[in-house]
Amino acid sequence: MPIRTLKGAIAASLRRRSKSPQAVACSELDYFPVSFNKHQCLRLLSFNIQVGINTQQYRHYLTRSWQHVLPHAKRVHNLNSIASVLPDFDIVALQEVDGGSLRSGFVNQTEYLALRGRFPYWYQQLNRNLGKFAQHSNGLLSRYKPASLEDHKLPGIIPGRGAIVAEYGQGRDTLLVVMMHLALSRRTRDIQLSYIRELVQSYRHVVLMGDMNTHAEQLLNQSPLRGSGLQAAHWEQNTFPSWKPHKSLDHILVSQSLLVNKMEVLNIPISDHLPVAVEIEVPDSVQLRK
């Protein structure tokens, strides 16, 4: 799998390193928000935003399907509604964001939400590039400066799934945060989870977050994550569809070294998924830098 990687400090401006065409930088904004988490608590959010489309009924998948191709006047309003939730969180994983194409009005939605949520660091992972028609992406928003960032293309028969891997701190007490959007097919999903397990197996402090397209029980007991020591911050609390949730598809999984203080599925039916929020307590030995 091709991996684009940046080791060391994340760049202080939006740029690409000329010495390596695969290097990526996590963009830093021009200001810093009020300091959070003085007691080594991190507030995490995972949200599949469906490129800013407001879906409230199954029939909207048909009647509003054109919004996956063409711009819509209310998309910015929907993004602003999503952005209004973000200031309470320190690290946000976004799925189904557009990187700036016709359908989004050429707005990089990850950058837009970073600006609105006052996040000093953000990164957009482009997974399917359809030129000016669509820029299928994942996104990372962070109030802390990652020590390193890796962009992974996940294995699968059909390309277009990815994971963002961020390290906070260094050495034995590194906190590894992996953000992903997994495949619909269980067979392909298991291949992707096997790949992710290899990425995380040497770390003590691990967070996996994203739209995983299956239930926590299957993830932890019937997939390559079995025996990994990870636990679900919430168990079978449903996130899909947002207007009448009966499936638990969105998750934040954490290693046993991380204490879960609070968790909640937020009742914010903007997308077709509800966001998952978790507050975790991180060991003091993990060095979080701004």
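Is Ser-46 buried or exposed, and at what relative accessibility? In this predicted model, Ser-46 counts as buried because its relative accessibility is 0%, which places this residue under the 20% limit for that class.

**View 1. Surroundings of Ser-46 in strand β3.** The close-up is centred on Ser-46, a residue of strand β3, which spans residues 41-48. The side chain of Ser-46 makes a polar contact with the side chain of Gln-95 at 3.3 Å, and the side chain of Ser-46 also reaches the backbone nitrogen of Gly-210, again at 3.3 Å. When residues up to four places away in sequence are not counted, Ser-46 touches Ala-93, Gln-95, Met-209, Gly-210, Asp-211, Ile-252, Pro-275 and Val-276, so that both polar partners, Gln-95 and Gly-210, also appear among these neighbours.

**View 2. Ser-104 and its polar partner Asp-98.** Ser-104 lies in the loop between β4 and α3, and this residue counts as buried because its relative accessible area is 9%. The side chains of Ser-104 and Asp-98 are joined by a polar contact of 2.8 Å. Leaving aside neighbours within four places in sequence, Ser-104 is in contact with Arg-75, Asp-98 and Gln-109. His-72 is 32 residues from Ser-104 in sequence, while the C-alpha atoms of the two residues are 7.8 Å apart in space.

**View 3. Backbone of Glu-96 in strand β4.** Glu-96, which belongs to the strand formed by residues 91-98, has a positive phi of about 55° although it is not a glycine. Glu-96 counts as partly exposed because its relative accessibility is 27%, a value that falls between the limits of 20% and 50%.

**View 4. Backbone of Arg-118 in a loop.** Arg-118 is found in the loop between α3, residues 109-117, and β5, residues 121-129. Although Arg-118 is not a glycine, its phi is positive, at about 55°. With a relative accessibility of 41%, Arg-118 counts as partly exposed. As background to the backbone views, most residues other than glycine have a negative phi, and most peptide bonds are trans.

**View 5. The cis peptide bond between Phe-240 and Pro-241.** The peptide bond that joins Phe-240 and Pro-241 is cis, with an omega of about -10°. Pro-241 lies in the loop between β11, residues 230-232, and β12, residues 250-255.

Terms used
Residues are numbered from 1 along each chain as its sequence is written. This is a predicted model: local features need pLDDT of at least 70, side-chain atom pairs count only at pLDDT 80 or more; totals for chains, interfaces and linings use all residues. Side-chain values use heavy atoms; hydrogens and water are left out. Helices (H or I, at least four residues) and strands (E, at least two) are DSSP runs, numbered from the N terminus. Buried means under 20% relative accessible area, exposed over 50%, partly exposed in between (1.4 Å probe, protein chains only). A polar contact is a pair of N or O atoms within 3.5 Å; within protein, one must be able to donate a hydrogen and the other to accept it, and residues adjacent in sequence count only if both atoms are side-chain atoms. Contact means heavy atoms within 4.5 Å.
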